[in-house]
Amino acid sequence: MNLPLATVSKVLKFSCVDGPGNRLVLFLQGCNFACPTCHNPHTMKLCNDCGDCVSECPAGALTMIQSKVVHDPSICNHCDRCLAVCPVNANPKVTQYSVDDVLALLYRNKPFLNGITISGGEATTQLKFIVALFTAIKEDDKLNDLNCLIDSNGYLPDAAWKTVLPVTDGVMLDIKAFHTTLHNLLTTRSNKRVLASARLLFKAGKLHELRYLLIPNRTDSSEEIEKLIRFVEALSPNLPLRLNAYQHHGVKGEALTWPTMKEPDVERIAADLRSAGLTNVVTPAVYV
């Protein structure tokens, strides 16, 4: 059987911020949202081989071969100039990983790991690979104690979620906004499917954490916060809720003119959420 390959933008062998414990993280390339606040906009699209990045590469690590942009990692100095000049928010340095490639990484780093997280871009745009990988991990006697998580924007139909739920230990799900128009402005998509995903995952016992990005003058309004409270209450007041604070790191375009979220304002909102009965609210450890 031919297992699917993953188009990977980046691999972190050790991360303590992408789920519990120390984790191996795959950042998959491609996203079905186009958020102006994205901290990794170069993971949104697939390279269209336009070649704009080739002449901009100071190390000569990018060349055009048979009308394709080819990356030579052996001479790349990781200056990321190619990411800055890409007109379509793509990454010419992606790598194709097989399930066996990832299993080999897990074997080499297993003594230091508590689990693996698949992120993005949007992880679920490559759902078949996730299912194949997590199935292989669960069937491996030396790896099946690793916790397998997905970091997702939730834009996946119920039927598709049900194909991966048996082999994932949980999903960290982002809700960008509750008001439909605002969500459309922030993502170019409706939030109907996102909210449905949160409910389905919670019912299945697989909603590891809900995340909410606080953006001044947009998602921090009293109306949005009230809707956040009511939504979490309807699931469970004890549901882990992580508040993220909008910052400019990695952001491109108009959103660089938007104000950043300050710690006192985040803590004020967190206090309001706790006063409303939400018992598991987490605030950022670092503001950058």
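**A hairpin, aromatic pairs and a helix face**

In this predicted model, strand S3 (residues 62-65) and strand S4 (residues 68-71) pair in the antiparallel sense, with 4 bridges between them. Ile65 of the pairing stands opposite Lys68 in S4, and the two strands make up a hairpin that leaves 2 residues between them, where Gln66 in the turn adopts a positive phi of about 50°.

From the hairpin we may turn to the aromatic rings, among which 5 aromatic pairs are counted. In one of them, the ring centres of Phe14 and Phe112 are 5.9 Å apart and the ring planes stand at 90°, so this pair is edge-to-face. Because Phe14 belongs to strand S1 (residues 6-15) whereas Phe112 lies in the loop between helix H2 (99-109) and strand S6 (115-119), the pair ties together parts that are 98 residues apart in sequence. As for the surroundings of these rings, Phe14 is partly exposed, at a relative accessible area of 43%, while Phe112 is exposed, at 53%.

A second pair, that of Phe178 and Phe231, is tilted, with 5.6 Å from centre to centre and 55° between the planes. This pair, too, links distant parts of the chain, 53 residues apart, since Phe178 is found in the loop between strand S8 (170-175) and helix H5 (180-187) and Phe231 in helix H7 (residues 222-235). Both Phe178 and Phe231 are buried, and ring pairs join them with Tyr212 into a cluster.

Aromatic rings also meet charged side chains in this model: the charged end of Arg193 sits over the ring of Tyr155, 4.5 Å from the ring centre, and Arg218 lies over the face of Trp258, at 3.7 Å from the centre of that ring.

Helix H8 (residues 263-275) offers a check of its own geometry, because its 13 residues, at 1.5 Å a residue, should span 18 Å, and the end C-alpha atoms are indeed 18 Å apart. Its buried residues are Val266, Ile269, Ala270 and Leu273; viewed down the axis of H8, they fall within an arc of 105° and therefore line one face of the helix. The spacing can be read against a general rule: an α-helix has 3.6 residues a turn, so residues three or four places apart point the same way. The buried residues of H8 pack against strand S9 (207-214), H7, strand S10 (241-245) and strand S11 (281-282), whereas the face turned away from the buried side carries the exposed residues Pro264 and Ser275. Just after H8, Gly277 takes a positive phi of about 110°.

How values were computed:
Residues are numbered from 1 along each chain as its sequence is written. This is a predicted model: local features need pLDDT of at least 70, side-chain atom pairs count only at pLDDT 80 or more; totals for chains, interfaces and linings use all residues. Side-chain values use heavy atoms; hydrogens and water are left out. Rings of Phe, Tyr and Trp (its six-membered ring) pair if their centres lie within 6.5 Å; planes under 30 degrees apart count as stacked, over 60 as edge-to-face and the rest as tilted. Buried means under 20% relative accessible area, exposed over 50%, partly exposed in between (1.4 Å probe, protein chains only). A charge sits over a ring if NZ of Lys or CZ of Arg is within 6 Å of the ring centre and within 35 degrees of the ring normal. Two strands pair if DSSP finds at least two bridges between them. The expected span of a helix is 1.5 Å times one less than its number of residues. The arc is that of the directions from the helix axis to the C-beta atoms. Contact means heavy atoms within 4.5 Å.
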